[in-house]
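Colleague: I should be grateful for a close look at the disulfides of this structure, with enough of the surroundings to place them. Please begin with the burial of the cysteines.

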Amino acid sequence: MRAPKPSAAHPVGLLAGAALAMLLAAPALAIVGGQEGAQVPGAASAVMVLTSGGGVCSGVVVAPDAVLTAGHCVAGVAENRIHYRDEAGRPVLAEVAARHLHPAYDGDAIRGRTRSIDLALLRTRDPLPARFAPAPLGAAVPRAGQTLVLAGFGAARGNDRRSIGRYRGATLTVVEPYGPSRILVWLKAPGAGGCQGDSGGPILDGAAVVALAAWVKDACGGLTQGILLGPQRDWLDRTLAGWNAAARW
């Protein structure tokens, strides 16, 4: 993998110092250039992942008690919680019983120009409500020119903490700035892209999640990178099997 320069990219999921009350408020927007609504792909499988340091990420339910998210949302973090709202709209913080960071995750990959698989699995202490349908996962490798949907709970603009927390999605085009990759997918569209809080959010080809958002170049709404799930299927399946669970491929 050819990594960007250290100053050219940053994780899209970290929001250090945000107060829980701010995170659980009802903001108006998320995903730069995105659209909100129940029709956004992946909504039935989407949750928020909170960290003990005040960080916010997105996550994808892959089994009744398992959530897939970005590795940097878990690495070096003392504790995570899964956040969602119950049917009455009240916020719920579900406890996490186990966490598994991808063994090839490297938190210094951008500066060191090394490969990193920015994925992690979280197992909740209790099964999530039945309304969260495990997402179908796709192993296909998207090609340049193909359109995919990026979705998540992130901010509508950089450093706008009040806009975090609503699930939104945007259609972006696959590009290959450094050539094709079997690890990464890059997405770009005018005025649309990931932002703080979108790390771990799904990148969908139709109904199937083919990648998870990891970082955005330069600023919110810029070139957005995701980690392809197909090449990591063995790790996903083995980890879930150890939890007596299985993904939907």
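Modeller: In this predicted model, Cys 57 has a relative accessibility of 1% and is therefore classed as buried, the limit being under 20%. Cys 73 reaches 0% relative accessibility, so Cys 73 is buried as well. These two residues form a disulfide, with 2.0 Å between their sulfur atoms. The pair links distant parts of the chain: Cys 57 belongs to strand 4, whereas Cys 73 sits in the loop between strand 5 and strand 6 (80-85), and 16 residues separate them. The angle about the S-S bond is -90 degrees, which makes the link of Cys 57 and Cys 73 left-handed.

A search of the whole structure returns two disulfides. Besides the link just described, Cys 195 is joined to Cys 220, with an S to S distance of 2.1 Å. Cys 195 is located in the loop between strand 11 (184-188) and strand 12 (202-205), and Cys 220 in the loop between strand 13 (208-217) and strand 14, so this disulfide ties together parts that lie 25 residues apart in sequence. The link of Cys 195 and Cys 220 is right-handed, with 75 degrees about the S-S bond. Cys 195 has a relative accessible area of 0% and is therefore buried. When the bonded cysteines are counted along the chain, the disulfides follow the pattern 1-2, 3-4.

The surroundings of Cys 57 are best described through the sheet. Strand 4 is part of a closed barrel of six strands, which runs 3-4-5-8-7-6 with antiparallel pairing. On average, neighbouring strands of this sheet are turned by 40 degrees against each other, direction ignored. Helix 3 (residues 233-242) packs on the sheet and touches strand 4 (56-63), strand 5 (66-69), strand 7 and strand 8. The direction of helix 3 makes about 20 degrees with that of strand 8. Within the barrel, strand 7 (residues 91-101) and strand 8 (residues 120-124) are paired in the antiparallel sense over five bridges. In this pairing, Val 96 stands opposite Thr 124 of strand 8.

For the other disulfide, strand 14 (residues 224-228) offers a further point of reference, and Gln 225 is placed in that strand. Gln 225 has 4% relative accessibility and therefore counts as buried. The side chain of Gln 225 makes a polar contact of 2.6 Å with the side chain of Trp 215. If residues up to four places away in sequence are set aside, Gln 225 touches Leu 184, Val 185, Trp 186, Leu 212, Ala 213, Ala 214 and Trp 215.

Some totals set these details in the context of the chain. The protein chain contains three helices and 14 strands. Of its 249 residues, 54% are buried. Among contacts between residues at least 6 apart in sequence, 71% join residues that are at least 24 apart. The protein chain exposes about 10300 Å², of which carbon and sulfur atoms supply 51%.

Key:
Residues numbered from 1 in each chain as written. Predicted model: local features only at pLDDT ≥ 70, side-chain atom pairs only at ≥ 80, totals over all residues. Heavy atoms only, no water. Helix = DSSP H or I, 4+ residues; strand = E, 2+ residues; numbered from the N terminus. Buried < 20%, exposed > 50% of the residue type's maximum accessible area, 1.4 Å probe, protein only. Contact = heavy atoms within 4.5 Å. Areas by Shrake-Rupley, 256 points an atom, 1.4 Å probe, with all protein chains shown as cover. Pairing = 2+ DSSP bridges. Axes fitted to C-alpha atoms, helices over the stretch in contact; angles between N-to-C directions. Polar contact = N/O pair within 3.5 Å; in protein donor to acceptor, adjacent residues only side chain to side chain. Disulfide = S-S within 2.5 Å.
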